[in-house]
Amino acid sequence: MIWGNRRHITPDAEKPADRREPYGRPLRLRVLGAIVGVATLSVALFAIPLAISMERLYHDDMAASLDRNATWIAAVAHEDVVRGGVVRVPLPRGVPSTLTVGFFATGGAKLSGEGPATSRIAADARDGHVHEGFEHDFLVVAAPFPSDKKLAGSVRVAVPYGVVRDRLYRAWLAMAGLAVVVIGLAAVFALRQSARLSAPLEHLTKSAQALGSGDFSIRAPRSDVREADAAGLALEATARRLGDVLDRERAFSVDVSHQLRTQLTGMLLGLESALHRHDADLSGAIRTAVERGERLQTTIEDLVRLTRGGHSSGLEPFDVGALVEEIGADRRAALAEAGRGLTVSVPDELPGVAASLAAVRQILHVLLDNAAIHGRGEIAVQVSDLGDGVAVEVSDQGPGVPEGTDVFARRAGDGHGIGLALARSLAEAEGGRLILRRACPPVFSLLLPAR
């Protein structure tokens with residue numbers, strides 16, 4: 001049992017990163033809630049003050065109507081109607097019959113007509129002005145009634161406030177229905193907008209998941225949302241770059257394995273040949289194997305350095321002439337055993353090369369291996385100053401390349417062309433070029449930029 005600090009693991013932390021549930025509400029619900037919420041708030045902020053204003057408007061409108069009717073009745077009514085104790089007052093033509101009309105004394109006591117026995121609002125009209133108020137759930141207006149230039153009382157006109165309330169309720173109901181329609185339209189619009197905004201993001205999520213599964217041919221569908229389309233284009237470009245990088249890494253792995261296998265096979269064949277020959281120089285074979293092993297170790301270190309990013313940017317320029325001399329000295333002994341020679345021509349002054357030393361060394365090894373295996377006669381390496389670059393040419397006296405053959409194409413079936421394909425890719429990665437300048441006898445030219 002191990003004692004020490006214990007870390008609490010939550011259920012979400014136990015899940016793999018790609019299987020955790022996303023946090024937060026979906027975008028569809030967010031957009032829908034936001035638009036419907038704003039629409040509801042806007043309707044409420046508009047409708048509530050409007051409803052209050054409509055209540056006041058209906059009240060004032062009814063009060064103004066009662067005021068006109070009370071003043072009209074007071075102007076046309078006869079004193080004998082007031083004094084005669086008539087219960088039902090005949091109203092002038094045009095006055096609504098639903099009104100409750102009564103004549104009251106200055107003290108507020110009813111003289112004739114309809115209404116309560118006493119009326120506070122009718123009593124208030126003794127000051128000669130029209131008064132308005134509520135009595136017994138009636139909206140009441142009292143207008144003074146003069147007689148022989150003296151104030152004889154007042155005309156009290158009333159209507160049940162339920163009439164005003166019914167009109168107000170009907171208006172409020174219409175407003176509520178209109179508000180429901182507006183919010184419903186906002187919800188429909190919100191659904192359409194949420195689908196329009198979330199659909200591209202959902203497609204991007206699926207494309208990102210496909211990219212994570214290794215599908216580098218993803219194509220995000222286009223929409224009318226500019227930001228989503230930009231993200232889709234960026235994701236497509238990223239997928240293409242990742243696909244290209246992966247293809248290059250796979251090709252590089254194949255090329256590297258070929259290079260290592262070739263050198264290892266040569267070393268093993270040399271040792272096996274020395275073991276099976278009775279007159280073999282074992283010490284010389286072992287010395288040759290050690291030299292080949294050291295070269296193989298150098299090749300491995302160079303390839304590891306290139307895999308980790310040995311690009312020319314930020315590297316110090318080196319003397320390509322010295323590198324060619326070093327490789328030539330290393331190769332002469334092995335070629336001499338095969339009865340072939342190697343000449344190296346390097347000018348006294350050369351500009352520094354803006355490339356990776358490891359990459360250039362591997363390119364030269366590939367070219368010399370190609371000349372040693374497939375070529376004949378003497379091998380020549382010539383270095384030239386091009387002013388803005390350096391050219392390294394490797395040639396031999398062999399039959400060369402058949403017409404119409406692409407020597408830089410990989411042919412996985414027979415294993416040919418892998419080394420030259422690796423050499424060309426390394427040259428291009430360093431900003432240079434590797435070309436077949438002449439097919440017969442073959443001349444390969446490595447062009448490197450000078451710094």
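Throughout these legends, a residue is called buried when its relative accessible area is under 20%, exposed when over 50%, and partly exposed in between, as computed with a 1.4 Å probe on protein chains only. The views show a predicted model, in which local features need a pLDDT of at least 70 and side-chain atom pairs count only at pLDDT 80 or more, whereas totals for chains, interfaces and linings use all residues. Residues are numbered from 1 along each chain as its sequence is written, and side-chain values use heavy atoms, with hydrogens and water left out.

**View 1. Confidence along the chain, with two stretches of pLDDT below 50.** The mean pLDDT of the protein, where pLDDT is the predictor's confidence in each residue on a scale from 0 to 100, is 79, and 82% of the residues reach 70 or more. Residues 1-11 have a pLDDT below 50, and this stretch makes two contacts in the model beyond its near neighbours in sequence, a contact being a pair of heavy atoms within 4.5 Å. Residues 310-314 also have a pLDDT below 50, but here 12 contacts are found beyond near neighbours in sequence.

**View 2. The aromatic pair of F134 and Y161.** Three aromatic pairs are found when the whole structure is searched; rings of Phe, Tyr and Trp (its six-membered ring) count as a pair if their centres lie within 6.5 Å, and are stacked when their planes are under 30 degrees apart, edge-to-face when over 60, and tilted otherwise. The pair of F134 and Y161 is edge-to-face, because the ring centres are 4.9 Å apart and the planes stand at 75 degrees. Distant parts of the chain are linked by this pair, with F134 in strand β3 (residues 131-135) and Y161, 27 residues away, in helix α5 (residues 161-212); helices (H or I, at least four residues) and strands (E, at least two) are DSSP runs numbered from the N terminus. F134 is partly exposed, at 45% relative accessibility, while Y161 is buried, at 12%.

**View 3. F408, F444 and the charged end of R424.** The rings of F408 and F444 have their centres 6.2 Å apart and their planes at 90 degrees, so this pair is edge-to-face. F408 belongs to the loop between β8 (389-395) and α10 (418-429), and F444, 36 residues away, belongs to strand β10 (residues 443-449). F408 counts as buried at 10% relative accessibility, and F444 is buried as well, with a relative accessible area of 5%. R424 places its charged end over the ring of F408, at 3.8 Å from the ring centre, where a charge sits over a ring if NZ of Lys or CZ of Arg is within 6 Å of the ring centre and within 35 degrees of the ring normal.

**View 4. R167 over the face of Y58.** R167 lies 4.6 Å from the centre of the Y58 ring.

**View 5. The packing of helices α8 and α9.** Helix α8 (residues 320-337) packs against helix α9 (residues 357-374) at an angle of about 35 degrees, and the two axes are 11 Å apart; axes are lines fitted to C-alpha atoms, for helices over the stretch in contact, and angles run from 0 to 180 degrees between N-to-C directions. The crossing of α8 past α9 is right-handed, meaning that the near helix is turned clockwise from the far one by less than a right angle, an anticlockwise turn being left-handed. The residues that make the contact include V320, L323, V324, I327 and L335 of α8, together with L357, V360, L364, L368 and A372 of α9.

**View 6. The surroundings of A63 and A123.** A63, in helix α2 (residues 27-76), is buried, with a relative accessible area of 6%. With residues up to four places away in sequence not counted, A63 touches E132, L139 and V141, and its C-alpha atom is 9.0 Å from that of G133, which is 70 residues away in sequence. A123, in helix α4 (residues 120-124), counts as buried at 8% relative accessibility. On the same terms of sequence separation, that is, not counting residues up to four places away, A123 touches T106, G107 and G108.

**View 7. Backbone geometry at H136, D137 and P441.** Most residues other than glycine have a negative phi, and most peptide bonds are trans. H136, which is not a glycine, has a positive phi of about 55 degrees, and D137 has a positive phi near 60 degrees. H136 is in the loop between β3 and β4 (138-147), as is D137, and H136 is exposed, with a relative accessible area of 65%. The peptide bond from C440 to P441 is cis, with omega near -15 degrees, and P441 is in the loop between β9 (433-438) and β10.
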